Amino acid sequence: MLLPARAALAMVSCQGSDVQKRWPLSKSQSMKRVISIASVLFFCAKVLCAAEYIGNRAPLTESPYLELPLGSIQARGWLLEQLQRQKSGMTGHLDEIYPQVVGARNAWLGGDGDAWERGPYWIDGLLPLAYILDDDELKAKAQVWVEAILGSQKEDGYFGPDTDRPHEPGLQRSNSHDWWPKMVALKIIKQYYMATGDERVIPFFTAYFRYQLKMLPQFPLDHWTFWGAQRGGDNLEIVYWLYNRTGDAFLLELAELIHRQTTDWTRIHGEGSEFYTQNSLHCVNVAQGFKEPIVYWQQCGDRKQIDATKHAVELIRQTIGLPTGLWAGDEMIHFGDPTRGSELCTAVEMMFSLEEMTRITGDTQWADHLERVAYNALPAQTDDEFKSRQYFHQINQVLCDRTIRNFNTTHYDTDTVFGELNGYPCCTTNMHQGWPKLTQNLWYATPDGGAAALIYAPSQVKISVAGGVDAVITEDTFYPFDEAVSFTVSYEGRKVKSASFPLHLRIPEWCGSAVIKVNGASLDMDLKAGTVAVVTREWVKGDVVTLELPMEVKISRWYDRSAVVERGPLIYALRMNETWTRREFAPEEHVSYGKWYYEVSSDSKWNYCLPSGSLAPENIGSAFTVIKRGGRPVYPWTNADAPVVIRTKAMSLDSWTLYKGSAGPVTFYSQTERDCGEESEIELIPFGCTTLRITEFPVRR
């Protein structure tokens, strides 16, 4: 059978085995003291049971998919390598790299330093990474912050920093009472509970939300800064999460209050005037606010919340949109010129929004959109070792240096280079959530006692199915580069040999000829693009399900009718030689931008245009040749190891020259060919494998 993307399923509480208790131990004496204090509480805790896959409680809309405990899903293959590089890179060592902000002086840890978003940002990515990797060292680092957050709560329910201090260069020491950073801390503690079931969390949340209900009428979300109102959807999501566990009626009253005080994203999405007005919205706020109408839809049940959000996607596509699924925003939004910047925080926050929207609605549109951001923008904006990052990336990016560019927010021209603090340091702390949270959302439980894979990547899930059977499903794939995704079913313990349950698999909108095979035999199913296929059967240990998703080269049109080459979930860009040169910041710049950075340059020709004849649907198959490399590179997101190459003919466009460090202004769509030079063959590789590139090509007849 096929499950329509918007189908609402009945809520069921599955039964199964307990999550094994884990407690991180640290080598440091200070950490041992923290743990000794917490141990008594922990061992009295009611540990979260893996069986308790909790969906929405009435009157909230029923849940089509149910979140799994953190740690149930493990990465494999290239995704595991990505997470391990985060551990050995900035995520695992940010307290050493950036101690002035996330070290012992941080006000969230009781110090006199940074009191705002950056410390919690880091842990919002570090904590899920720690539990997905089951890494005691990382868990210990996260636990210090968890204990500090839980231990800071006052009798009235308030928690976190409470003292404003004078400005100090490089630190944010004011607005300590601001609602916004506490929303990040709420996300941390929710994830911690999903990993451990620590019983301190529920009363902690309950007390804080009672405090919010009392204080918000006098001190609304935008009282201290406007960020709280713009990003209120993050607060709202945790209120619903707690309501589903306690049923406390006051939480629904609080949810209505938070929604009223949050920026009206339903109006923005529905009317769209802001998307037609440059510099009207902050780029990251668009990403964080994007989910709020759909989060609130769970309570109001009004279809306009969903329709408005879908309308926003169409408007963004025609105005500020970029082919990565993001938009031009450097930092304020701007029409989608491919040389305008897009902030790294926008990518990871939009991913989180799309993950929530996919789980809440079951709509495959949001899963497709999530893969587009995750598998294109995200890997392109960090270096291969996860030790430096870019603040703004450009769709057409031919040089990364300190030349003044046409961005509306510039940070002494450090925005496109790769470093630790360049641009603005919010991304240094916020970038860590991208890959771990994607991993956590690869699998869901279903209310009908099954398992759902809506996002594809190499992984393994331990999940309770069929009313209490502990299953292990291993996903073997080289997606998004390869077209096949295989799932092998097994069971924990020796007694269980089979179980009957449904397996939900997403059919992407871009795939019109999907095939599902069980143990090599094709199933007779009408697999429509943009739906969820549900295969229900008695699954015997060792059964293998193969989902084949043929990928065709397609051409999409973007800014000024420029042409973008796509294949499956990936967009492709011109392969250029890349030279990375390490440079030093001046001493007076260290506090703001760090000590060093990489500029990236090339000796490759980049000013090409594509002939319009090659882009005609009937000619694409012959004009574009897909070449797949043999094997599976351990880490595929590199220029040298790009697993797929597309070759095509292009013409030089010598009048297209460098301007202020970027590919200069050009007419992307023209009926003339008089400015074209010789034709030659070029190579395109996945956008995520590039640092320097042309992605949106001019077209000439």
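A hairpin joins strand E10 to strand E11 through 6 residues, and I shall begin there, noting that what we have is a predicted model. Strand E10 covers residues 469–477, strand E11 covers residues 484–491, and the two run antiparallel, joined by 7 bridges. Two of the pairings can be followed on the screen. Glutamate 475 is opposite phenylalanine 487 of E11, and valine 472 has serine 490 as its bridge partner in E11. The loop between these strands contains proline 480. The peptide bond from tyrosine 479 to proline 480 is cis, with omega about 15 degrees.

On to strand E9, residues 459–465. Strand E9 is antiparallel to E10, and 7 bridges hold the pair together. Here glutamate 475 of E10 appears again, this time opposite serine 459. The hairpin of E9 and E10 has 3 residues between the strands, and in it alanine 466 adopts a positive phi near 50 degrees. How enclosed is strand E10 by the rest of the structure? Of its 9 residues, 7 are buried, so E10 is largely enclosed.

These three strands belong to an open sheet of 7 strands, with antiparallel pairing and the order E2-E9-E10-E11-E16-E13-E14. At the edges are strand E2, residues 73–75, and strand E14, residues 521–522, each of which pairs on one side only.

Let us turn to the largest pocket. Its space amounts to about 640 Å³. Which residues come closest to the centre of this pocket? Among the 29 lining residues, they are Gln365, Asp368, His369, Arg372 and Glu509. The lining comprises 12 charged, 9 nonpolar and 8 polar residues. At least two lining residues come from each of helix H15 (303–318), helix H17 (364–380), strand E17 (553–557) and strand E18 (563–567). Helix H17 contributes the most, namely 6 residues.

Helix H17 deserves a second look, as glutamate 371 also lies in this helix. Is glutamate 371 buried or exposed? Its relative accessibility is 0%, and therefore glutamate 371 counts as buried. Leaving aside residues up to four places away in sequence, glutamate 371 is in contact with Asn376, Ile455, Tyr456, Tyr479, Arg506 and Pro569. Tyr479 in that list is the tyrosine of the cis peptide bond with proline 480.

Next, the nonpolar interior. In soluble globular proteins, nonpolar side chains tend to be buried together. The largest nonpolar core in this model has 202 residues, and the members touching the most other members are Phe205, Phe209, Phe275, Tyr375, Trp435, Trp443 and Phe487. Helix H7, residues 179–196, provides the largest share of this core with 12 residues. Another core, of 8 residues, lies apart from it and includes Ala380, Trp558, Ile571 and Phe687. Phe487, in the larger group, is the residue opposite glutamate 475 in the hairpin. As for tryptophan 435, its contacts beyond four places in sequence are Trp78, Leu79, Gln82, Leu83, Gln86, Ala374, Tyr375, Leu378, Pro379, Phe386 and Trp637.

Among the helices, H3 spans residues 90–97, and its buried residues include Met90, Thr91, Gly92 and Leu94. The buried residues of H3 pack against helices H2 (77–88), H4 (99–102), H5 (118–133), H6 (136–151) and H18 (426–430).

The loop between H6 and H7 holds arginine 173. With a relative accessibility of 11%, arginine 173 counts as buried, because the cut-off is under 20%. Its contacts, again without residues up to four places away in sequence, are Arg105, Asp112, Gly113, Asp114, Ala115, Thr163, Asp164, Arg165, Pro166 and Glu168. Proline 161 is 12 residues from arginine 173 along the chain, and their C-alpha atoms are 9.5 Å apart.

I close with some backbone features. Most residues other than glycine have a negative phi, and most peptide bonds are trans. Aspartate 330 and glutamate 331 are joined by a cis peptide bond with omega about 0 degrees. Glutamate 331 is in the loop between H15 and strand E3 (342–343). Aspartate 560 has a positive phi, near 55 degrees, and sits in the loop between E17 and E18. Its relative accessible area is 38%, so aspartate 560 is partly exposed. Lysine 660 has a positive phi near 50 degrees, and its loop connects strand E25 (658–659) and strand E26 (662–663). Lysine 660 is partly exposed, at a relative accessible area of 31%.

Notes:
Residues numbered from 1 in each chain as written. Predicted model: local features only at pLDDT ≥ 70, side-chain atom pairs only at ≥ 80, totals over all residues. Heavy atoms only, no water. Pairing = 2+ DSSP bridges. Helix = DSSP H or I, 4+ residues; strand = E, 2+ residues; numbered from the N terminus. 1 Å grid on protein atoms, 1.4 Å probe; cavity = no way out; pocket = protein on both sides within 12 Å on 5 of 7 lines; lining within 4 Å. Points joined across faces, edges and corners; volume = space filled by probe spheres on them. Nonpolar A, V, L, I, M, F, W, Y, C, P; charged D, E, K, R; others polar. Buried < 20%, exposed > 50% of the residue type's maximum accessible area, 1.4 Å probe, protein only. Contact = heavy atoms within 4.5 Å. Core = buried A, V, L, I, M, F, W, Y, C linked by side-chain atoms within 4.5 Å.
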